[in-house]
Amino acid sequence: EDQEEAVLRELRLFLRNVTERLTLDRRFKAFTKPVDIEEVPDYLMVIKKPMDLSTLLTNIDEHKYVTVGEFMSDTDLIWQNALEYNPDSDPMDRHIRHRACALKDTVRAIIKDELDEDFERVCEEIKESR
Ligand SMILES: COC(=O)[C@H](Cc1ccco1)c1ccncc1
């Protein structure tokens, strides 16, 4: 009912704020847009579920996420894909992997610090009821 829509609206505001802060962080520039398939023709042969920060924002606005957990699954794809596609010892691969790990740690720190457990539980209840 309307209380539920108010909770989901607050969730979207929180997720947009987190995504915006990640997008503004210069370390995460490579994660802000989809990997360019013209530039990397084999990318979709290796990575089955591409994800990036701009797509997160689109998903939020399309009401894809009813819980923070669902949002986290997509943010995990961003850094997991980077580790998988860039596994080599050359400096470029090491650099993107370091940034991927920074993204993982930063998202977890924000959620731990700023998400109220009771709020996430209410979102989970709404999800189960649908
Ligand atoms: C998330 O970004 C990536 O996985 C691409 C893959 C890539 C390889 C060549 C062009 O792009 C990347 C971008 C910047 N620096 C390293 C790798």
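The exchange below takes up some terms used for this predicted model and asks what stands behind each of them.

Me: What makes the predictor's confidence in this chain something one can state in numbers?
Reply: The mean pLDDT of the chain is 98, on a scale that runs from 0 to 100, and 100% of the residues reach 70 or more. For the complex, the predictor gives an ipTM of 0.97 and a pTM of 0.97.

Me: What is the pattern of the chain, read along the sequence?
Reply: The pattern is α-α-α-α-α-α, and it goes with a count of six helices and zero strands. Along its principal axes, the C-alpha trace spans about 50 × 30 × 25 Å.

Me: Why is Asp76 called buried or exposed?
Reply: Asp76, which is found in helix 4, has a relative accessible area of 14%; buried means under 20%, and therefore Asp76 is called buried. The side chain of Asp76 also has a partner, the side chain of Trp79, at 3.0 Å. That pair is called a polar contact because its distance of 3.0 Å is within the 3.5 Å allowed between N or O atoms.

Me: Why is Glu70, in helix 4 as well, placed in the class it has?
Reply: The relative accessibility of Glu70 is 23%, and since the partly exposed class lies between the buried limit of 20% and the exposed limit of 50%, Glu70 counts as partly exposed. Leaving aside neighbours within four places in sequence, Glu70 is in contact with Lys64, Tyr65 and Lys127, which means that heavy atoms come within 4.5 Å. The C-alpha atoms of Glu70 and Glu124 are separated by 9.9 Å, although these residues are 54 residues apart along the chain.

Me: Why is Val122 called buried, exposed or partly exposed?
Reply: Val122 has a relative accessible area of 39%, which is neither under 20% nor over 50%, so Val122 is called partly exposed. Its place is in helix 6, residues 117-128, and its C-alpha atom is separated by 15 Å from that of Phe71, 51 residues apart along the chain.

Me: What makes a set of residues here a nonpolar core, and which of them touch the most other members?
Reply: Members must be buried residues of the nonpolar kinds, joined through side-chain atoms within 4.5 Å, and the largest such core has 33 residues, of which Leu15, Phe31, Val68 and Leu103 touch the most other members. Two or more residues come from each of helix 1 (2-24), helix 3 (53-61), helix 4 (68-85), helix 5 (91-114) and helix 6. In soluble globular proteins, nonpolar side chains tend to be buried together. Beyond four places in sequence, Phe31 is in contact with residues including Leu53, Ile78, Ile96 and Leu103. Over the chain of 130 residues, buried residues make up 38%.

Me: How do you know which residues are closest to the centre of the largest pocket?
Reply: Of the 24 residues that line this pocket, Ala30, Val35, Tyr43, Asn86 and Ile96 are the closest to its centre, and a residue counts as lining when it has an atom within 4 Å of a pocket point. The volume of the pocket is about 510 Å³. Helix 4 and helix 5 each supply at least two lining residues, and the largest share, five residues, comes from helix 5.

Note on methods: Residues are numbered from 1 along each chain as its sequence is written. This is a predicted model: local features need pLDDT of at least 70, side-chain atom pairs count only at pLDDT 80 or more; totals for chains, interfaces and linings use all residues. Side-chain values use heavy atoms; hydrogens and water are left out. Helices (H or I, at least four residues) and strands (E, at least two) are DSSP runs, numbered from the N terminus. Buried means under 20% relative accessible area, exposed over 50%, partly exposed in between (1.4 Å probe, protein chains only). A polar contact is a pair of N or O atoms within 3.5 Å; within protein, one must be able to donate a hydrogen and the other to accept it, and residues adjacent in sequence count only if both atoms are side-chain atoms. On a 1 Å grid over the protein atoms alone, a cavity is a set of points where a 1.4 Å probe fits but cannot get out, and a pocket is an open set with protein on both sides within 12 Å along at least five of seven lines; lining residues have an atom within 4 Å of a point. Grid points are joined across faces, edges and corners, and a volume is the space filled by probe spheres set on the points.
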